[in-house]
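Here are a few notes to help you find your way around this one. Keep the viewer open as you read, and take the points in any order you like.

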Amino acid sequence: MSNSTTDVRIILINNISLQLNHYITLFVFLFGTVGNVLNIIVLSQPLLRRTPCAVYFLGSSVASLGIIIIGLPSRMIAGKISDLTNTSSYLCKSRIFLLYSFRTTSAWLLVFATIDRWCSSSTEIHRRRLSSHKTAGSNIIIIFAVSFVLWIESMFCYDADVEQAPIKCYGKSNSCRIYNDVAYASSTIAIPSVFMLIFGLLTIRNISRSRRASRAFFNTDLNLARANRRKRKSTRRTEVSLTCMLLLQVVLLTLCSVPQAIHQFYLTFTIDVSKSPLRVAIENFIVNFNFSLTYIGNAIPFYIYTLNSTVFRQTLIRLVHSTIQQLKFYLTFRFWNT
């Protein structure tokens, strides 16, 4: 391959990587910020908040909003103006610390939401009692605290303007890079994904058993069945909607996070390998693509909830309708008092 052809390919790949970094990141930032803010508002409504699982969703939405606000602005300005996280050691360390802490928090909140679904769907009374607002509140505080303590090391391991690194803000030494990769892959992706898979399958099994038990019980007393059918149907619809929301988000977050973790290991173990400019350009493109993919996983849960959950969608519609009515009342009041 001639040098001129290689140079053209490198320029093309770098340009695509730059445009991907800017425009897709801008799109994810706008839709992710709006989506997570709406998630927080909708999940704070009494109808959903009375369910402990929704409290975990609420905490996860706060963490996802933090991920987007902390992680994306520096990527959007890349190539346009100087990215201070690449040159300022303090900003580099602070960004990585907050970003990874929020990522770990978001993943483990979904793990505990899955465990809560398993407990609440159980036919055993003592296990159902574990699904409570008090338990959820305590777990959320513990998860936030442990996640932030876990990534304090990034304040010492990361630095700006690191030579021979795929990105400027990177681990200072091989030991730091290996530790960070292992910690991120295990605490934020592998272990949470395994737990979510296990308890997700157990939840599906519990729901199946509960439905069979309900049919057998109510078939023995038709009057009791008629009296309780409407109430149980409403409760079951909320439970099933929350379970579907959870399982979809678990699958989405896992699929969006795994490629980055795998490629992160590859970069760490090949950082001292001599690479051609074309290979470096390709690897930088993959880094940017994988980073964008991880942010997508935190940006679109609101839109998945809206499309797939009837309860969430109805709550959102009622909230919008109520807001419009209040705005009309406010404008009418201002009009008659001017």
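1. In this predicted model, the lining of the second largest cavity splits by class into five nonpolar and four polar residues, with no charged residue. To find the spot in your viewer, select Ala107, Thr188, Ile189, Pro192, Ser193, Met196, Leu253, Thr254 and Ser257, which line this second largest cavity. Two elements, H9 and H10, give two or more residues each to that lining. H9 gives the most, with five residues. The space inside comes to about 40 Å³.

2. How many cavities of 30 Å³ or more does a search of the whole structure find? The search finds three. The largest has a volume of about 70 Å³, and its lining is made up of Ile67, Arg103, Ser106, Ala107, Tyr184, Thr188, Leu253, Ser257, Thr294 and Asn298. By class, that lining has four nonpolar residues, five polar ones and one charged one.

3. Which helices supply at least two residues each to the lining of the largest cavity? They are H5 (89-120), H9 (174-218), H10 (222-269) and H11 (277-299). Of these, H5 gives the most, with three residues.

4. Threonine 188 is a good residue to click on. Thr188 is listed in the lining of the largest cavity and also in that of the second largest cavity. This threonine lies in helix H9. Is threonine 188 buried or exposed? Its relative accessible area is 10%, so it counts as buried, the cut-off being under 20%.

5. Staying with threonine 188, have a look at its surroundings. Its side chain makes a polar contact with the side chain of serine 187, at 3.4 Å. If you set aside the neighbours within four places in sequence, threonine 188 is in contact with Arg103, Thr104, Ala107 and Ala183. Arg103 and Ala107 also appear in the lining of the largest cavity.

6. Next, try helix H3, which covers residues 52-71. From first C-alpha to last, this 20-residue helix reaches 29 Å, close to the 28 Å expected at 1.5 Å a residue. Why can H3 be called largely enclosed by the rest of the structure? Because 17 of its 20 residues are buried.

7. Stepping back to the chain as a whole, you will find 13 helices and two strands. Buried residues account for 44% of the 338 residues. Among contacts between residues at least 6 apart in sequence, 80% join residues at least 24 apart.

8. Two aspartates in loops deserve a visit. Aspartate 161 sits in the loop between strand S1 (158-159) and strand S2 (170-171). Although not a glycine, aspartate 161 has a positive phi of about 55 degrees. Most residues other than glycine have a negative phi. With a relative accessible area of 47%, aspartate 161 is partly exposed.

9. The other aspartate, aspartate 272, is in the loop between H10 and H11. Its relative accessibility is 59%, so aspartate 272 counts as exposed, the cut-off being over 50%. How far apart in space are aspartate 272 and asparagine 174? The C-alpha to C-alpha distance is 9.6 Å, while the two are 98 residues apart in sequence.

Technical notes. Residues are numbered from 1 along each chain as its sequence is written. Side-chain values use heavy atoms; hydrogens and water are left out. On a 1 Å grid over the protein atoms alone, a cavity is a set of points where a 1.4 Å probe fits but cannot get out, and a pocket is an open set with protein on both sides within 12 Å along at least five of seven lines; lining residues have an atom within 4 Å of a point. Grid points are joined across faces, edges and corners, and a volume is the space filled by probe spheres set on the points. Helices (H or I, at least four residues) and strands (E, at least two) are DSSP runs, numbered from the N terminus. Ala, Val, Leu, Ile, Met, Phe, Trp, Tyr, Cys and Pro count as nonpolar, Asp, Glu, Lys and Arg as charged, and the others, Gly among them, as polar. Buried means under 20% relative accessible area, exposed over 50%, partly exposed in between (1.4 Å probe, protein chains only). A polar contact is a pair of N or O atoms within 3.5 Å; within protein, one must be able to donate a hydrogen and the other to accept it, and residues adjacent in sequence count only if both atoms are side-chain atoms. Contact means heavy atoms within 4.5 Å. The expected span of a helix is 1.5 Å times one less than its number of residues.
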